[in-house]
Each structure stands twice: as C-alpha cells, then as structure tokens.
Amino acid sequence: MADQLMVGGRIAADLLDAYLCDTLTDEYIPVYEPTIRGETMNAIIVGPQGLFVPHAVDWEGVITPSQRGPWTALLASGQEVRHPNPAANAQRANQALTAFLQDEFPDLRPTIFYIVVLLAPSASLNTHSASDPPCVPVDSL
C-alpha cells in the first residue's frame, strides 16, 4: 500500500480538495481522485474551457522545472533535491482521458489542461523558463 502524500500533517489530496471547494465557482465541477483507464488522478475539473487535471506534489524549496530530466528543488538548507519530471504523468493522464472520452463521448473533444500544483507553503517556483506541464503554487491555482 502506498504512503499518503502529506503536507503539514494533512493529507495532500485533502488540501487540494479543500482549496478547490473554497475557490471554484458553480461553473466548474470537480471530480476527486478518479481512476480513468488505470490512471489515478488527484482530480479532474470540468469547466467551460475544457478539462483541468491538477497533479498535487508536496515538494518544498525553490522548484526549477526542466524540459527533460528531473525537476530540482533547492531547499533552505542549500541541499538540492531531484524530483521526477511530471511530463510522463501528464502524458498518461492525457492518453487515459482522451481514450475514455473517445469511447464514451465520441463527439466530445474538450481541451485537456494538466497542471502541477505545489502544495507545500514553503514551495516557490523558479520562473526563469516556462515549464511543461505548467506548474503553480496552490494559492495561484
């Protein structure tokens, strides 16, 4: 059994869920922790612009995205930590959602937006370059 992702003593998914519940307007419909074609996602948000797939991470420090290879985090201690590039997760989520929609709603072709969400309050983003997938602190979501 996998360990629950924790941030400040709370389950990370709960933090994301609470933030979405507090900030989304009625034109958005969140679906929490769905499993689509074997891919478990933190949430899918159905909105007028398309589908949003936030991927919550508990990374701390100054996060530097990379187009290829791991993303890095520079901690306050000066230690550098490597994190897996979330692009593979984004690709799998996109493929799973696209296949599901083609089977269940063949005439529906919404845009799918995948975004990495930094949950840790101490996390910030080194914005020297754009990231793919995009990344934001939770309070900027």
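Helices and strands here are DSSP runs, numbered from the N terminus; a strand has at least two residues. The model is predicted.

**Exercise 1.** Place N42 among the strands, decide whether N42 is buried or exposed, and find which residues surround N42.

Solution.
1. N42 sits in the loop that joins β5 (39-40) to β6 (43-47).
2. Buried means under 20% relative accessible area. The relative accessibility of N42 is 19%, so N42 counts as buried.
3. Beyond neighbours within four places in sequence, the contacts of N42 are L16, Y32, E33, P34, P54, H55 and A56.
4. For A56, there is a polar atom of the N42 side chain 2.7 Å from the backbone nitrogen of A56.

**Exercise 2.** Describe the largest nonpolar core and say which element gives the largest share of this core.

Solution.
1. The largest nonpolar core contains 21 residues, and M41, I44, V53 and L118 have the most contacts inside it.
2. At least two residues of this core come from each of β7 (50-57), β9 (71-74), α2 (87-104) and β11 (112-118).
3. The largest share, five residues, is supplied by α2.
4. Another core, of eleven residues, lies apart from it and includes L16, A56, I115 and L119.

**Exercise 3.** Locate I29, decide whether I29 is buried or exposed, and name the patch that I29 helps to make.

Solution.
1. I29 belongs to strand β3 (residues 29-32).
2. Exposed means over 50% relative accessible area. I29 has 51%, so I29 counts as exposed.
3. Together with V31 and V46, I29 makes a nonpolar surface patch of about 230 Å².

Conventions. Residues are numbered from 1 along each chain as its sequence is written. This is a predicted model: local features need pLDDT of at least 70, side-chain atom pairs count only at pLDDT 80 or more; totals for chains, interfaces and linings use all residues. Side-chain values use heavy atoms; hydrogens and water are left out. Helices (H or I, at least four residues) and strands (E, at least two) are DSSP runs, numbered from the N terminus. Buried means under 20% relative accessible area, exposed over 50%, partly exposed in between (1.4 Å probe, protein chains only). A polar contact is a pair of N or O atoms within 3.5 Å; within protein, one must be able to donate a hydrogen and the other to accept it, and residues adjacent in sequence count only if both atoms are side-chain atoms. Contact means heavy atoms within 4.5 Å. Patches are made of residues with over 30% relative accessible area and no salt bridge: like charges are joined within 9 Å, nonpolar side chains (Val, Leu, Ile, Met, Phe, Trp, Tyr) within 5 Å. Accessible areas come from the Shrake-Rupley method with a 1.4 Å probe; for residues, only the protein chains shown count as cover. A salt bridge is a side-chain nitrogen of Lys or Arg within 4 Å of a carboxyl oxygen of Asp or Glu. A nonpolar core is a set of buried Ala, Val, Leu, Ile, Met, Phe, Trp, Tyr and Cys residues joined through side-chain atoms within 4.5 Å.
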